[in-house]
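Me: Could you take a close look at the empty spaces in this protein for me? I'd like to know what lines them and which parts of the chain contribute.

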Amino acid sequence: MRLAKEHATFYLLISPWLIGLLCFVIGPVAASFVIGFYQWDLISPAKFVGFRNYTDMLFHDELFWQSLRVTIIYAFFRVPLSLAAALLLALLMNKRLPGIGLFRTIYYMPTVISGVAVSMLWVWMFNPQFGIVNALLEKLNIQGPGWFTDPKLALPTLILISLYHVGSTAVIFLAGLKNIPPHLYEAADLDGAGSVKKLFFITIPQLTPTILFNSIMLLITSFQAFTEALIITNGGPVNKTLFFNFYLYQNAFSYSKLGYASALAWVLMLIILLLSIVTLRTSRRWVYYEGGDSR
């Protein structure tokens, strides 16, 4: 009887979370899977079309392939660049210097600032007429380009400004650095190893589990890129910044194609799942664990 009361109390206490999970996570996910087999504009009755949304997507929709291409290029460059920038930042924040705690807070702050506000800031800074970036280039007698209007520069510029958000990745790297046993560096000092050798033979191998985690998280967030495309470029010049998530949003809320947008969402989920599995599988070859066994 007492055990039953404890179980009842437990489920009562977590019931708000369970209700939220059912209503706002599991329910919408299941609904989107079903809606993906329908043609529905929220006004007319839903019409069952089977797999036509998926076949149209794969064989007849050029914008689907363009959005996928743009997102893959964005992820291909953003993930390694963000890893390198975050690791460098973490190495700097790991130094024992006066006021280092303040600098850690400052570097992390962009992570908690609204993406819309940050995007508006980038729009102002890279404005070709009065932006601060082109103003600085003008002082060097360099004609500043249209960063977000030039088809050749729009996507590289978005990749560049994405490095602004490496604060959370750097904090995770910093936690990994704190967990590296100090005696490894002491032994390396006794052997006469320099800073570069200690970085490549101690720090990076010890951080490979952290690198794996950050790589997967960056991969997921790269394929979910949306705010910059909506606020800064609105899909970009000639669809050069048409991210997959932004194209999904257009179909759902601009074109009222709820069934097609749901199908796109499930394709996106499958792509992210597949890439995450591949990353985890290949990690056995390069991730070092304390016991010497890559799992």
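Reply: Happy to, and let's begin with the enclosed space. In this predicted model, the lining of the largest cavity consists of Val118, Ser119, Trp122, Ile161, Ser162, His165 and Glu228. Two elements give two or more residues to that lining, namely helix H5 (115-125) and helix H7 (154-162). H5 has the largest share, with three residues. By class, the lining residues of this cavity split into three nonpolar, three polar and one charged. The volume is about 30 Å³, and a search of the whole structure turns up one cavity of 30 Å³ or more.

Now for the open spaces. The largest pocket has a volume of about 600 Å³. It is lined by 14 residues, and those nearest its centre are Leu91, Asn94, Lys95, Tyr185 and Thr203. Helix H3 (62-93), helix H8 (167-178), helix H9 (182-190) and helix H10 (195-223) are the elements that give two or more residues to this lining. H10 provides the largest share, four residues. Sorted by class, the lining of the largest pocket holds seven nonpolar, three polar and four charged residues.

The second largest pocket encloses about 480 Å³ of space. Of the 21 residues lining it, Arg78, His165, Ser168, Thr221 and Glu228 are the closest to its centre. Here H3, H5, H8, H10 and H11 each supply at least two lining residues. The largest share comes from H10 once again, with five residues. The classes in this second lining are eight nonpolar, 11 polar and two charged.

If you have the model open, His165 and Glu228 are good places to pause. Both residues belong to the lining of the largest cavity, and both are also among the residues closest to the centre of the second largest pocket. Helix H5 can be followed in the same way: it gives the largest share of the cavity lining, and it also supplies at least two residues to the lining of the second largest pocket.

It helps to set these spaces against the annotated part of the chain. The UniProt record, an unreviewed entry, places "domain: ABC transmembrane type-1" at residues 68-279. Over that stretch the chain is 72% helix and 0% strand. The C-alpha atoms at the two ends of the stretch lie 19 Å apart.

While you are looking along the chain, two loop residues deserve a glance for their backbone. Asparagine 239 sits in the loop between helix H11 (227-233) and helix H12 (244-254). Although asparagine 239 is not a glycine, its phi is positive, at about 60°. With a relative accessible area of 30%, asparagine 239 is partly exposed. Serine 256 is found further along, in the loop between H12 and helix H13 (258-282). Its phi is positive too, about 55°, and serine 256 is not a glycine either. Serine 256 has a relative accessible area of 30%, so it counts as partly exposed.

Methods
Residues are numbered from 1 along each chain as its sequence is written. This is a predicted model: local features need pLDDT of at least 70, side-chain atom pairs count only at pLDDT 80 or more; totals for chains, interfaces and linings use all residues. Side-chain values use heavy atoms; hydrogens and water are left out. UniProt positions are given in the numbering used here, feature names are shortened, and annotations may be inferred rather than shown by experiment. On a 1 Å grid over the protein atoms alone, a cavity is a set of points where a 1.4 Å probe fits but cannot get out, and a pocket is an open set with protein on both sides within 12 Å along at least five of seven lines; lining residues have an atom within 4 Å of a point. Grid points are joined across faces, edges and corners, and a volume is the space filled by probe spheres set on the points. Ala, Val, Leu, Ile, Met, Phe, Trp, Tyr, Cys and Pro count as nonpolar, Asp, Glu, Lys and Arg as charged, and the others, Gly among them, as polar. Buried means under 20% relative accessible area, exposed over 50%, partly exposed in between (1.4 Å probe, protein chains only).
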